[in-house]
Amino acid sequence: MENQAGVGAETVLVMLAFIALIPAAIASHKGKNFFLWWIYGVCFWLIALIHSLVMNPTAKKVEASSLADGGKKCPNCAEVVKYEAMVCRFCNYKF
Ligand SMILES: [Zn+2]
């Protein structure tokens, strides 16, 4: 069955599956599950897109990017602090 624009339902589904990759990619970049976010994107594309843009990255992702930026992990409290730090800003541990 075709609508007035001559686009089949399959084409719409394929396009939806394709554009749902956008919020899924953003969410997975922030440390979320790509596949779950792809499903979310297929069901509620616009909501998933906005949600993926406004949400904060997971704590794990923040820690990984801080370490990649030259941070070091405090051996006492496991928080990431600047590499040059002599004292941990979270627990006052001395390096
Ligand atoms: Zn610490």
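Radius of gyration here is taken over C-alpha atoms, and the globule rule I hold it against is 2.2 Å times the number of residues to the power 0.38.

**Ground rules.** I am looking at a predicted model, where local features need pLDDT of at least 70, side-chain atom pairs count only at pLDDT 80 or more, and totals for chains, interfaces and linings use all residues. Residues are numbered from 1 along each chain as its sequence is written.

**Overall shape.** I looked up the radius of gyration and got 21 Å for the chain, whereas a compact globule of 95 residues would sit near 12 Å. I then boxed the C-alpha atoms along the principal axes and got roughly 70 × 20 × 15 Å.

**Secondary structure.** I went through the DSSP runs, numbered from the N terminus (helices are H or I, at least four residues; strands are E, at least two). I found five helices and two strands, and the order along the sequence is α-α-α-α-α-β-β.

**Burial and contacts.** I call a residue buried if 20 or more other C-beta atoms lie within 10 Å of its own, exposed if 12 or fewer, and partly exposed in between, with C-beta atoms placed from the backbone. Buried residues come to 13% of the 95 in the chain. For contacts, I take two residues whose C-beta atoms, placed from the backbone, lie within 7 Å. Of the contacts between residues at least 6 apart in sequence, 29% join residues at least 24 apart.

**Core.** Next I checked for a nonpolar core (buried Ala, Val, Leu, Ile, Met, Phe, Trp, Tyr and Cys residues joined through C-beta atoms within 7 Å). The largest one has seven residues: Ala-20, Ala-24, Ala-27, Trp-37, Trp-38, Tyr-40 and Ala-48. Helix 2 (21-29) and helix 3 (34-43) each put in at least two of them, and helix 3 has the largest share, three residues.

**Helix 2 against helix 4.** I fitted axes as lines to C-alpha atoms, for helices over the stretch in contact, with angles from 0 to 180 degrees between N-to-C directions. The axes of helix 2 and helix 4 (residues 45-54) come within 9 Å and cross at roughly 20°. That makes the pair roughly parallel, since the label covers angles under 35 degrees. On the helix 2 side I noted Ile-22, Pro-23, Ile-26 and Ala-27, which meet Ala-48, Leu-49, Ser-52 and Leu-53 in helix 4.

**Leu-49.** I picked this helix 4 residue for a closer look. Is Leu-49 buried or exposed? Neither: Leu-49 is partly exposed, because 19 other C-beta atoms lie within 10 Å. Leaving out residues up to four places away in sequence, Leu-49 touches Ile-22 and Pro-23. The C-alpha atoms of Leu-49 and Ala-24 are separated by 8.2 Å, with their positions 25 residues apart along the chain.

Notes. Angles under 35 degrees count as roughly parallel, over 145 as roughly antiparallel, 65 to 115 as roughly perpendicular and the rest as oblique.
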